[in-house]
Structures are given as structure tokens and as C-alpha cells.
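Trainee: I'm new to this one and would like a tour. Can we take it a piece at a time?

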Amino acid sequence: MFDVIVIGAGMAGASVAAELAPTASVLVLEREKQPGYHSTGRSAAAYIPSYGFDNPSLRFLTECSLNFLAEPPADFQVETLLHRRGLLSLCPPDCAVSVETELEKLQVVIPNIVKVGREVIRQHVPIINDEYSKSGWFEPDVFDMDVHALHLGYLKALKQAGGQLVSNCTIGALTRDHGVWTVSTDSARYSAPVVVNAAGAWADELAALAGVDRLGLMPLRRTAVLLDPPVACDVSAWPLVMAVDGSFYLKPDAGLILASPADENPSLACDAQPEELDIAYAVDYAQKALNLHVKQVRHRWAGLRTFARDRTPVIGFDSRVAGFFWLAGQGGHGIQIAPAAARLAASLISKNQVPPDLEAAGFKRDFVAPDRLNSRSEEVGGLFEAAAS
């Protein structure tokens, strides 16, 4: 018997389990042999304050994750999880987005973003093509993230606090009786008053298995490729490059150029694979934006980013089925908000409270409550209230 069973050992599940483990007995169940195999292991690995800036929940979760990422606990055995990269946002030809209007909105919440012209753009990316170097803006406080170290650190913290991880297990049933959930796998049965649904693209499927209404979460496939830069072109100091209309992005990656068409193709929950058309779009955008002739694609992959219909995470107890906690729908923000989202989820589970720093920033639990996606209004309390129900 455990206090909490977390289903899914990707970044969301590993982080909330590590936060809960010092004060509760925690079990994490993972269907894959390797935790983080899906979305966590396929992330673009960037911390971008402006990403989702117009969504208060995402902005506050991002802001309140920064200190942890910059100076992680000693047990993580790295000085920092962030390495400065910067973000150069460029206006493509015939772009319908007004650079001036968008920049004014951004500067309200991120004052150090500055408008840049052709000369500065070429300093950052010397092989940029002329039609993409007319105007844009630069955001200095954007960082590469060490996703592997962050994920591994949470898994180590879980183990050190006495938590358990069981990988390579398939869940066949979730049932609740007398205030206790029983999770039946292909090899064992486990019980706890609280189950945390951190199943990523499978979150709605897991809910249905537990007899909980689906929330309409949608996995969207995104594709990326690695391309060779021109001979003698060192891309290591380039910033992350994005089109202001969201049509593509480029990023240095171990001496190569990562390119993505920023695609969002609806998908079933699966081991996502790139499709040839999306690979072609990625290559085409890279060749249009850069003085680059692609002879081969070095590597290609795809991952699933799962969204609620309002593109806001779902973090909280289900109000009709006691003891069922949602930690899903992080979309493309799951890595950069992981520290704050994990603390939020753990605090809601154990104390039924929003952490003080998030509350001080203006965060409201209603922003991410599952109830917003249906007509539910019944309040569900924390761990011990759920255990007693």
C-alpha cells in the first residue's frame, strides 16, 4: 500500500514523484523500459520566457521554475541546468504578423527583448538569406536546457527519498473501492488512495481505463531533423531562430543545425515517427531561411506534444472521481515548467494549496483545474481528504 501511485515516468511524473517522496510513500509506474522515452526524450530542450507569454498559467509556471533550473539541488550533481543561447525571432517574407505590435506586447512582460535589424541579425546568423534578415527581435534570456540531467536528477531524488519506480509494466485495470485505488499490471497489483495521471499522450486513455471522463486532450506530432551546416561554418554560437509567425525554428545542435517546421499534426497516442512530407517541410524552411544546400538529412525524429483545447496544462484532482489527479496537457511547455508544475501538483495533492511563490506571482488554481474543461464544480481536497472519502 502506497500513499500515491504516479503513472508515467516522463518529466511530469518523475518530477511530481520526487517532490512527494520526502513526505509520502510513492510508486511510479512506467510502461516503457526506459523512462522519458517519448516526449521527454524528444524535446527541443529550450527555456523560453516568451513562449506562451500571453497565457498567465504558463508564464507564472515558467517564471517560478527559473531559480531551480539555474541552481538545481546539490543532489542533481550539476551546477546549472541552463546554458545561455538567446532567441532571434525573424519576420519571414509576406509575414502577416506585425513585428511592431507583437514586440510591444512582449515587452510588457519581458522588457529586455529588443528589436533588431539586418546588421545584428547577420551578426547572429551570418548565412541568413536576405529576405529573412529585414527585421525581428532578440530575447537574450533564453537557454538550452540539460533535459537528461533534469530528468535523471528527479529520478535519483525519488529513489533517495525512498520512492519506487517500476518500468516496463502494462496497466490492465484501475479500480477504486472503499477510498483506495488498485492498479493492476501485467505482473502485480498496487494500491493507493491517490493516483496521479502523468501518462502524457495516453492521459485520456488512462482516465477512461479508470472510469474517469476524458478531457479531450489531443496529442499533436512535431517533427525535427538534423542538417549539416556549410563547410567551415561554425554554428555553435548561433541563437535559437524562430519565425515570428510560428512557421519554423532552427537551433544549433552538436555542430549541426536542428530544423523543425513547427508542425502540429493530430495523432493517436503512439511511438511517433516522422512523416516524409514534414521532413521535406523542415528542409525547405531551412534552405529558404539560410544560405544552405541540403544534401542529406543526418537524423530525423518526431514527438507528441499533448494539449488541452485551451492549450493550458491540466493539474488538479478530478472532481467527480475522488483520488484521481491530473498532471497532463503540458504541450510544448512541459520541460521548462517542470519544477514549478511539480511543486504545484505535489502541494495540491498533499496540502490542497498553491505554493506561496506561485500564489505571490498571481497564479490561480482555476487556471489549470480539470473542471474548466467540463462543467464540474465539486471541490476535491488533498491527499488525506481523498484518502478518507
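Mentor: Sure, one term to start: a contact means heavy atoms within 4.5 Å. With that, leaving aside neighbours within four places in sequence, Leu61 is in contact with Ile337, Ala340, Ala341, Leu344, Leu358 and Phe363.

Trainee: Where does Leu61 sit, and is Leu61 buried or exposed?

Mentor: Leu61 lies in helix H2. Helices (H or I, at least four residues) and strands (E, at least two) are DSSP runs, numbered from the N terminus. Leu61 is buried, with a relative accessible area of 0%. Buried means under 20% relative accessible area, exposed over 50%, and partly exposed in between, with a 1.4 Å probe and protein chains only.

Trainee: How far apart are Leu61 and Lys251 in space?

Mentor: They are 24 Å apart, C-alpha to C-alpha, with their positions 190 residues apart in sequence.

Trainee: Hang on, what kind of model is this?

Mentor: This is a predicted model, so to speak plainly about the rules: local features need pLDDT of at least 70, side-chain atom pairs count only at pLDDT 80 or more, and totals for chains, interfaces and linings use all residues. Residues are numbered from 1 along each chain as its sequence is written, and side-chain values use heavy atoms, with hydrogens and water left out.Trainee: What pLDDT does the protein chain average?

Mentor: The average is 93, and 96% of the residues score at least 70. The pLDDT is the predictor's confidence in each residue, from 0 to 100. Over residues 375-389, though, the pLDDT is below 50, and this stretch has 41 contacts in the model beyond near neighbours in sequence. Where pLDDT is low, the predicted coordinates should not be read in detail.

Trainee: Noted. How many helices and strands are in the protein chain?

Mentor: You'll find 11 helices and 21 strands. The radius of gyration of the chain is 21 Å, close to the 21 Å that the globule rule gives for 389 residues, so the chain is as compact as a globular protein of that length. That radius is taken over C-alpha atoms, and the globule rule is 2.2 Å times the number of residues to the power 0.38.

Trainee: And what box do the C-alpha atoms fill?

Mentor: Roughly 70 × 40 × 40 Å, taken along the principal axes. Of the 389 residues, 57% count as buried. Looking at contacts with a separation of 6 or more, 73% join residues 24 or more positions apart.

Trainee: Let's zoom in on a helix. Which residues of H6 are buried?

Mentor: Val147, Ala149, Leu150, His151, Gly153, Tyr154, Leu155 and Leu158. The buried residues of H6 pack against several elements, among them helix H1 (11-20), strand S2 (26-29) and helix H9 (338-350).

Trainee: What should the 14 residues of H6 span?

Mentor: They should span 20 Å at 1.5 Å a residue, and the end C-alpha atoms are 20 Å apart, which agrees. The expected span of a helix is 1.5 Å times one less than its number of residues. After H6 comes Gly162, whose phi is positive, near 95°.

Trainee: Back to His151 for a second. What does His151 touch?

Mentor: Not counting residues up to four places away in sequence, His151 touches Ala9, Gly10, Met11, Ala14, Pro35, Gly36 and Thr40. His151 lies in H6, residues 147-160, and has a relative accessible area of 7%, which makes it buried.

Trainee: Which residues other than glycine have a positive phi?

Mentor: Two to look at are His178, with phi near 55°, and Asn352, with phi of about 60°. His178 is in the loop between strand S10 (171-177) and strand S11 (180-185), and at 74% relative accessibility His178 counts as exposed. Asn352 lies in the loop between H9 and helix H10 (356-361), and counts as partly exposed at 24%.

Trainee: New topic: how many disulfides does the structure hold?

Mentor: Zero. A disulfide here is a pair of cysteine sulfur atoms within 2.5 Å.

Trainee: Why is there no bond from Cys91 to Cys95?

Mentor: The closest cysteine sulfur to that of Cys91 is in Cys95, at 4.1 Å, which is too far for a bond. Cys91 is buried, with a relative accessible area of 15%. Cys64 also counts as buried, at 16% relative accessibility.

Trainee: One last stop. Where is Ser50 found?

Mentor: Ser50 is in the loop between strand S3 (46-47) and helix H2 (56-63). Ser50 is buried, at a relative accessible area of 12%. Leaving out residues up to four places away in sequence, Ser50 touches Leu87, Leu106, Ile110, Ile113 and Glu139.

How values were computed. Residues are numbered from 1 along each chain as its sequence is written. Side-chain values use heavy atoms; hydrogens and water are left out.
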